[in-house]
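User: I'm new to reading structures, and I'd like a close look at one part of this one: the helices and what sits around them. Please walk me through it slowly.

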Amino acid sequence: MINCFIPYIDMSQAEETIISLRQMTFVKDVFLLVTQKTEDKIAGCTCLEVDNYTSTSMVKTVAEFADTDYSLIYTKTDELSFGYFALERMMQIADNSGAGMVYSDHYQIKNGQKVNNPVIAYQKGSLRDDFNFGSVLLYRSSALKSAVKDMQVNRKFAGLYDLRLKVSQQYELVHINEYIYTEIESDTRKSGEKLFDYVDPKNRAVQIEMEQVCTDHLKKINAYLKPEFKKVDFNKQKFEYEASVIIPVLNRVKTIGDAIESVLKQKTSFKFNLIVVDNYSTDGTTELIKKYASDQRLIHIIPKNRFLGIGGCWNAGVANSSCGKFAVQLDSDDIYSDENTLQKIVDAFYEQQCAMVVGSYMLTDFNKNPIPPGVIDHKEWTPDNGRNNALRINGLGAPRAFYTPLLREIKVPNTSYGEDYALGLAFSREYQIGRIYDVLYLCRRWEDNSDAALDIAKMNAHNTYKDRLRTWELQARIRMNS
């Protein structure tokens, strides 16, 4: 038997969902979660008043009424419809697998069209609070109740997140790669427009709670790292150049000139150069780079290996004998905010005694006009807990810079997505990462950005890879703690 818990605003929003659930003989009770008292009388349903739909209080209310084998929590307020024998299938797989929670692929109604919405398998490193389970979560009630007993702090926003992390400590969260139900999707923005939601300043209070919950989880699984760091020896070897800016580029004739010029105009108290790793461009990028050849600071590399991603191009630049003591990132789409960026980054290495530095940036359109949410500063990164919280979020900020001897040891994964995140996790495991909260960088958003409009298959591949990075990092940290 199943008890179902669904958000309720009014009858027009919930009626079809209620009817479909009440027609299933194995559904014992349908509970309507209301955030304010309602005078509506809904036959066969019980209203439960909650403060909001994601809080610890809501989860505890669900646990109080979870008197069946399974408890279904629906997380949207739009109409929900199930396929033929769909809930029976979910229960069957939960029984067979012993899962603490099951979730599934599903259909979505977008702009009146029915589309496939596959989701991805849960890993130990799937710690993102925005992990996409879909809107139907079927919990084993005993697992849910056990997790709730361990919830010592009431969270306004992170209750559901806390629940699934605590359940995952004892049970598997199982992905059913079958299309079980149909939900309505109202957020039809392109992938690039959703990318920065989690760092929007208006969501700061939510992020603080999520960090606290994730940190508690890491302590429970022995993956938490105390704020104790190895010291960095900046005199490990001698370099001709104090810093090198590295720009991997492939077919960016429209932007590479701006990027190069923003580097060459830097004013510093030290000697620096620019290494452009040209990955066999075919659109005129190569010819444009050559126009800057008269400046001896520019080193134009076309790697021998034709099968490099962005990370592989980084390795080619860092391995070059002219690479400086500090390797500093600039994407071929973007530019530094002013002529003092490079000086600020190098100063930060010495002032903060760190092996990696991450700055802050401003989101702009192609013409450098600010666009929402504006400044991306990743202030959730704190000296004490940044490296733990890094396992929860999907990015660490920009521009990034690295102490070259360590970067040559660790090396960059040869991918064109997530390579920077992988480095941040690896560096932070043992070394402090420094932060600069001044805007150093203009991140230009335009139609040719690599993440501007990804389809669901590409987004799932990206998220699976980053979850895998987190899983490997969790394993490394648990081994280090043991």
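Analyst: Let's first settle what a helix is here: a DSSP run of type H or I with at least four residues, numbered from the N terminus. Keep in mind too that this is a predicted model. With that wording in hand, threonine 215 is easy to place: it belongs to helix H7, which covers residues 204-220. Threonine 215 counts as buried because its relative accessible area is 11%, and the cut-off for buried is under 20%. Setting aside residues up to four places away in sequence, threonine 215 touches Tyr224 and Asn385.

Now zoom out for a moment. The protein has 15 helices and 18 strands. Its radius of gyration is 25 Å, close to the 23 Å that the globule rule gives for 482 residues, so the protein is as compact as a globular protein of that length. The C-alpha atoms fill a box of roughly 80 × 50 × 40 Å along the principal axes. Of the 482 residues, 56% count as buried. And if you take the contacts with a separation of 6 or more, 81% of them link residues 24 or more positions apart.

Next up is helix H2, residues 56-64. Its buried residues are Thr56, Met58, Val59, Thr61, Val62 and Ala63. What lies over them? The cover includes strands S1 (2-7), S2 (27-34), S3 (45-49) and S4 (70-74), along with helices H4 (141-149) and H5 (159-168).

One of those covering helices, H4, deserves its own stop, and serine 141 is a handy residue to look at there. Serine 141 is buried, as its relative accessible area is just 3%. Leaving out neighbours within four places in sequence, serine 141 is in contact with Ala66, Thr68, Asp69, Tyr70 and Ser71. With serine 71 there is also a polar contact between the two side chains, at 2.8 Å. If you'd like to hop back towards H7, glutamate 211 is 70 residues from serine 141 in sequence, and their C-alpha atoms are 26 Å apart.

Helix H3 is a good one for seeing two sides of a helix. H3 (residues 86-97) has twelve residues and reaches 17 Å from its first C-alpha to its last, close to the 16 Å expected at 1.5 Å a residue. Ala86, Leu87, Met90, Met91, Ile93 and Ala94 are its buried residues. Looking down the axis of H3, you'd find these buried residues within an arc of 165 degrees, so they line one face of the helix. Turned away from that buried side is a face carrying the exposed residues Asp95 and Asn96. Just after H3 comes glycine 98, with a positive phi of about 70 degrees.

Helix H8 gives you another picture. Seven of the nine residues of H8 (256-264) are buried, so this helix is largely enclosed by the rest of the structure. The buried ones are Ile256, Gly257, Ala259, Ile260, Ser262, Val263 and Leu264. They pack against strands S10 (243-249), S11 (272-278) and S14 (335-336), and also against helix H9.

Two of those H8 residues lead on to other places. Take Leu264: its backbone oxygen lies 3.0 Å from a polar atom of the arginine 297 side chain. Arginine 297 is in the loop between H9 (285-290) and strand S12 (298-301), and it is partly exposed, with a relative accessible area of 26%. Its side chain also makes a polar contact of 2.8 Å with the side chain of aspartate 295.

Then there's Val263, one of the residues touched by valine 245. Valine 245 belongs to the largest nonpolar core, which has 109 residues; valine 245, Leu163, Leu274 and Leu407 are the ones with the most contacts inside it. A second, separate core has 34 residues, including Leu21, Cys45, Met90 and Met91. You've already seen Met90 and Met91 among the buried residues of H3. As a rule of thumb, nonpolar side chains in soluble globular proteins tend to be buried together.

Note on methods: Residues numbered from 1 in each chain as written. Heavy atoms only, no water. Buried < 20%, exposed > 50% of the residue type's maximum accessible area, 1.4 Å probe, protein only. Contact = heavy atoms within 4.5 Å. Core = buried A, V, L, I, M, F, W, Y, C linked by side-chain atoms within 4.5 Å. Expected span 1.5 Å × (residues − 1). Arc of directions from axis to C-beta. Polar contact = N/O pair within 3.5 Å; in protein donor to acceptor, adjacent residues only side chain to side chain. Rg over C-alpha atoms; globule rule 2.2 N^0.38 Å.
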